[in-house]
Amino acid sequence: QVQLVESGGGLVQTGGSLRLSCAASGRTFSSIALAWFRQVPGKEREFVAGISRTGGSTGYADFVQGRFTISRDNARSTVYLQMNSLNAEDTAVYYCAADSDAYYGGSAGSSYDYWGQGTQVTVSS
């Protein structure tokens, strides 16, 4: 079992930056693959970025366009999402997800076993 808690969301200006954090507990952190998803009210949740158990492999959604970086710190049991060049379309609730039985979880939400409660990111002009 894995528990996930996101933090770091907030209000930023267009073009600004934000770093999200997700702290994990409940089992060995290095044994889980992790990802970030986001969701706007009334729309389906979408994949943002994923990282493998070891951190050796990462993947990003096309809309990221090189602006975001996912990373993990096993000593701190934390996964991060560094977001730069934010725009209004990035406004959403961002969720952390964990896959306990794969090296890399992929982009489908159904692959993930555990989810955090989300952190709000709002980008304004």
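Two strands pair if DSSP finds at least two bridges between them. Strands here are DSSP runs of E with at least two residues, and helices are runs of H or I with at least four, numbered from the N terminus. With that in hand, start at L34, which stands opposite I51 in β5.

This is a predicted model, so local features need pLDDT of at least 70, side-chain atom pairs count only at pLDDT 80 or more, and totals for chains, interfaces and linings use all residues. Residues are numbered from 1 along each chain as its sequence is written, and side-chain values use heavy atoms, with hydrogens and water left out.

Strand β5 spans residues 46-51. On one side, β5 is joined by five bridges to strand β4, residues 33-39, and the two run antiparallel. They form a hairpin with six residues between them. In that turn, G42 has a positive phi of about 85°.

Strand β5 also pairs with strand β6, residues 58-60. Three bridges join these two, again antiparallel. Here I51 stands opposite T58. This hairpin, too, has six residues between its strands. G55 takes a positive phi near 85° there. I51 therefore appears in both pairings, facing L34 in β4 and T58 in β6.

How covered is strand β5? Five of its six residues are buried. Buried means under 20% relative accessible area, exposed means over 50%, and partly exposed lies in between (1.4 Å probe, protein chains only).

Now the charges. A salt bridge is a side-chain nitrogen of Lys or Arg within 4 Å of a carboxyl oxygen of Asp or Glu. The structure holds four of them. One joins E46 and R38, at 2.8 Å from N to O. E46 counts as partly exposed because its relative accessibility is 33%. R38, at 6%, counts as buried.

A second example is D90 with R67, whose closest N and O atoms are 2.7 Å apart. D90 lies in the loop between β8 (78-83) and β9 (92-99), and R67 in the loop between β6 and β7 (68-73), so the pair ties together parts that are 23 residues apart in sequence. Both partners are covered. D90 counts as buried at 1% relative accessibility, and R67 counts as buried at 13%. R38, E46, R67 and D90 are linked in a network of salt bridges.

D73 and R76 also meet in a salt bridge, at 3.5 Å from N to O. D73 counts as partly exposed, at 25% relative accessibility. R76 is exposed, at 60%.

Turn next to E6, in strand β1 (residues 3-7). Which side chain of opposite charge is nearest to E6? R45 is, but it is 8.2 Å away, and buried E6 has no salt bridge. For charge, Lys and Arg count as positive and Asp and Glu as negative, while His and the chain ends are not counted.

What does the E6 side chain reach instead? One of its polar atoms lies 2.8 Å from the backbone nitrogen of C96. The side chain also reaches the backbone nitrogen of G118 at 2.8 Å. A polar contact is a pair of N or O atoms within 3.5 Å; within protein, one must be able to donate a hydrogen and the other to accept it, and residues adjacent in sequence count only if both atoms are side-chain atoms.

The neighbours of E6 include W36, Y94, Y95 and Q117, leaving aside residues up to four places away in sequence. Contact here means heavy atoms within 4.5 Å.
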